Structures are given as C-alpha cells and as structure tokens.
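Work through the exercises below with the model open. Try each task before reading its solution.

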Amino acid sequence: MPATLFAAEYLSLFEVEVGKAFSRPNALLNKDTNRPTTQFRVPNHGASATLFPEYTISYLNKSNKVAIVTAEKAARNWNQCGVLKEKAAKLATEAFPNYKNTPKELSQFKSGDEHSHNESGTYYVLRCEGTYGPFVYLHFQVRSKSQDIELKAAWDEFFKTKNR
C-alpha cells in the first residue's frame, strides 16, 4: 500500500503499517517509559476521515514498531452503527484488497468480524460494539499475529516485574 504523506507529516488511518515505525518526525520522542507500550491519537485525513476523524497508534517501546492501530466512532444506535460499518467495510476493502474474511474458529478474537492476510500475518477487525452507556460504537482495529505475541510478552514481563 503506497504511503501518501499529508503535509509530509503523517499517514492516514489505512496507510499505517503494523510492525513498522510510525512515520512522523519525532513520533517516538515522548515515550511512556512507565509501560511497555506508548499510545497516542492521530488526526486522520483522506477518505476514512469522515468516518474516523482520528485514530490511535499503540507501539512497543522496546522495538518502536506499531503494534495496534485503532479507530472508533460513536453511533446513536445499532442501526446507525450498521450503516457506518457498511461504509467502513467498503473503505477497508479498498485499502486491504488481499484480506479475506477469517472463519470464526480461526480468528484471533473468535468473531466473524475479522479479515486477515495470511502471508503477512496481519488482520483487521471491524464491528459494532456495545458500551456501558446508551450508545454503541463502530470499532476498527488493525493488528498482526507477531505483534500480538510481542505485546503479550512485554505486558507479561511488565506485570511480573511489578508484582515482585
């Protein structure tokens, strides 16, 4: 997927690659040194910006690689979320044309809302989710199996060290 930089500063939601450093000057400057990961919000641009005005990057401090890309949008109800999901699915299909729907039993989250690219080991999840409040939200997340393993190891080590 070619990366088009907006004002030579940052990538849009569908251009960020899990497993690579986030492309922005000084993006790794202010690490959260108290945890194994750092998260920050990014203003989105491009075709996906109308659905997701911003997204979140989570990267591993040890490797500086993007581990998770997440975007969410609140909806008034399940019907509205379904309409938003259809729009997002079209954009995701265009951005990730080689990703196929993952059978529920093979998916990382055991849901039917996952699409994966077997050669790269990356996948995305697109679904409507309930909240503890009165609204539902559209949830989009890009991950990779290898980064998931690194994340788990980093957090396991963090909690093991914290509990000593």
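The exercises cover the fold, one disulfide and one loop residue of this predicted model.

**Exercise 1. Lay out the secondary structure of the protein chain.**

Step 1. Count the elements: the chain has two helices and seven strands.
Step 2. Put them in order from the N terminus: β-β-β-α-β-β-β-β-α.

**Exercise 2. State how much of the protein chain is buried, and what its exposed area consists of.**

Step 1. The chain has 164 residues, and 41% of them are buried.
Step 2. The exposed area is about 9,800 Å². Carbon and sulfur atoms supply 53% of that area.
Step 3. Turn to contacts between residues at least 6 apart in sequence: 50% of these join residues at least 24 apart.

**Exercise 3. Find the disulfide and describe its geometry.**

Step 1. Apply the cut-off: two cysteine sulfur atoms must lie within 2.5 Å.
Step 2. The sulfur atoms of C81 and C128 are 2.2 Å apart, so the pair counts as a disulfide. The total is one disulfide.
Step 3. Place the partners. C81 sits in helix α1 (residues 78–95), C128 in strand β6 (residues 122–130). They are 47 residues apart, and the pair links distant parts of the chain.
Step 4. Read the torsion about the S-S bond: -110°, a left-handed link.
Step 5. Check C81 for burial. Its relative accessible area is 0%, so C81 is buried.

**Exercise 4. Is A49 buried, partly exposed or exposed?**

Step 1. Locate A49 in the loop between β1 (37–43) and β2 (54–60).
Step 2. Buried means under 20% relative accessible area, exposed over 50%. A49 has 21%, so A49 is partly exposed.
Step 3. Compare A49 with L13: they are 36 residues apart in sequence, with 8.0 Å between their C-alpha atoms.

Technical notes
Residues numbered from 1 in each chain as written. Predicted model: local features only at pLDDT ≥ 70, side-chain atom pairs only at ≥ 80, totals over all residues. Heavy atoms only, no water. Helix = DSSP H or I, 4+ residues; strand = E, 2+ residues; numbered from the N terminus. Buried < 20%, exposed > 50% of the residue type's maximum accessible area, 1.4 Å probe, protein only. Contact = heavy atoms within 4.5 Å. Areas by Shrake-Rupley, 256 points an atom, 1.4 Å probe, with all protein chains shown as cover.
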